Amino acid sequence: MNRKCLLCKRDLDYSLSLAWIFSLEPFKEKFICDDCQSRFQRIDGPTCKGCGRMCASQYCADCVRWRKMGKPLLDNQALYCYHNEAMRDYFEQYKFAGDYYLRKVFQAEFQQFIRQKYPQRKWKYCIIPVDQHMVNERGFNQVKGLTAKLKTEQWLVMDDERHRVKQSHKNRAERMQTQQPFILQSPVKVKNQSVVLIDDIYTTGRTLYHAQDLLLKAGAAEIRSVTLAR
Ligand SMILES: [Zn+2]
Ligand SMILES: [Zn+2]
């Protein structure tokens with residue numbers, strides 16, 4: 001069977017090198033070719049301790065602002081740069097064109113990253129919900145797709161009530177910035193827990209800080225976040 005790269009559709013080279021056979025590395029199933037892989041930019045080097053973007057100073061200007069607003073920083077950690085053509089193309093296809101199979105490109109790596117940073121014996125993994133309209137249209141929640149093999153909690157749901165109030169002349173993006181978009185189901189479960197929020201992309205951080213607000217109010221002990229891209 002000739003597997004093809006999920007991104008460029010060229011045949012994947014499956015010949016195993018001798019060096020690999022004698023190495024102790026676990027076998028990692030490949031879904032994209034080395035060329036496509038090399039177009040993504042791993043976050044590596046000094047990063048902002050608040051949001052995980054590559055940054056020479058300890059905290060970037062955005063995170064300084066969050067702190068001034070009284071938010072405990074999330075210490076977000078991300079694997080890849082979002083400001084990169086390959087990553088933007090990827091999300092365009094995965095999220096917006098609804099190509100669910102593309103979850104495979106990063107799933108294993110992302111799950112391993114989360115497990116390593118935050119061992120599950122201590123941390124609860126809380127998925128950031130996606131607008132139900134998007135899920136209906138697309139047929140899946142892209143964050144869940146990326147973490148399908150992790151035990152995750154669906155404590156947060158979108159506040160549909162609020163979303164139905166469409167008469168507001170603000171567009172959705174504007175409303176998201178100001179209003180709490182989520183509801184916390186069974187807050188009792190959150191009390192005294194160490195929680196890792198999981199999302200696909202960290203852009204402004206607003207979504208994650210909205211989630212943090214609710215969890216803190218419910219008595220979570222500590223909250224961090226992890227995203228595939230930043
Ligand atoms: Zn390729
Ligand atoms: Zn930052």
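**Figure 1. Cysteine 51 in the second zinc site of the predicted model.** Cysteine 51 is buried, at 0% relative accessibility, in a structure that is a predicted model. Together with Cys48, Cys60 and Cys63, Cys51 coordinates the zinc ion (ligand 2) through its SG atom, at 2.3 Å. The angles subtended by the four donor atoms around this ion are 103 to 116°. Because four donors count as tetrahedral if all angles lie between 85 and 135 degrees, the arrangement around the zinc ion (ligand 2) is tetrahedral. Along the chain, the donors of this ion follow the spacing C-x2-C-x8-C-x2-C. Cysteine 51 belongs to the loop between helix 2 and helix 3 (61-68), whereas cysteine 63 lies in helix 3, so the pair ties together parts that are twelve residues apart in sequence. Cysteine 63 is also buried, with a relative accessible area of 0%.

**Figure 2. Coordination of the zinc ion (ligand 1) by cysteine residues.** The SG atoms of Cys5, Cys8, Cys33 and Cys36 coordinate the zinc ion (ligand 1) at 2.3 Å. The four donor atoms subtend angles of 105 to 117°, which makes this arrangement tetrahedral. The donors are spaced along the chain as C-x2-C-x24-C-x2-C. Cysteine 8 is located in the segment before helix 1 (18-21), and cysteine 33 in the loop between helix 1 and helix 2 (34-39); the pair therefore ties together parts that are 25 residues apart in sequence.

**Figure 3. Accessibility of cysteine 8 and cysteine 33.** Cysteine 8 has a relative accessible area of 29% and is partly exposed. Cysteine 33, with a relative accessible area of 10%, is buried. The assignments follow because buried means under 20% relative accessible area and exposed over 50%, with partly exposed in between.

**Figure 4. The open sheet of four strands.** The strands are arranged in the order 1-6-5-2, with parallel pairing. Strand 1 (77-80) and strand 2 (123-127) form the edges, each pairing on one side only. On average, neighbouring strands of this sheet are turned by 20° against each other, direction ignored.

**Figure 5. Pairing of strand 2 with strand 5.** Strand 2 and strand 5 (residues 194-201) are paired in the parallel sense over five bridges. Within this view, tyrosine 125 stands opposite valine 196 in strand 5.

**Figure 6. Helix 5 across the strands.** Helix 5 (residues 103-117) lies across strand 1, strand 2, strand 5 and strand 6 (222-229). Relative to strand 1, helix 5 runs at about 155°.

Methods. Residues numbered from 1 in each chain as written. Chains lettered and ligands numbered in written order. Predicted model: local features only at pLDDT ≥ 70, side-chain atom pairs only at ≥ 80, totals over all residues. Heavy atoms only, no water. Donors = N, O, S within 2.8 Å, 3.2 Å for Na, K, Ca; no water. Tetrahedral: all angles 85-135°; square planar, octahedral: opposite > 155°, others 65-115°. Helix = DSSP H or I, 4+ residues; strand = E, 2+ residues; numbered from the N terminus. Buried < 20%, exposed > 50% of the residue type's maximum accessible area, 1.4 Å probe, protein only. Pairing = 2+ DSSP bridges. Axes fitted to C-alpha atoms, helices over the stretch in contact; angles between N-to-C directions. Contact = heavy atoms within 4.5 Å.
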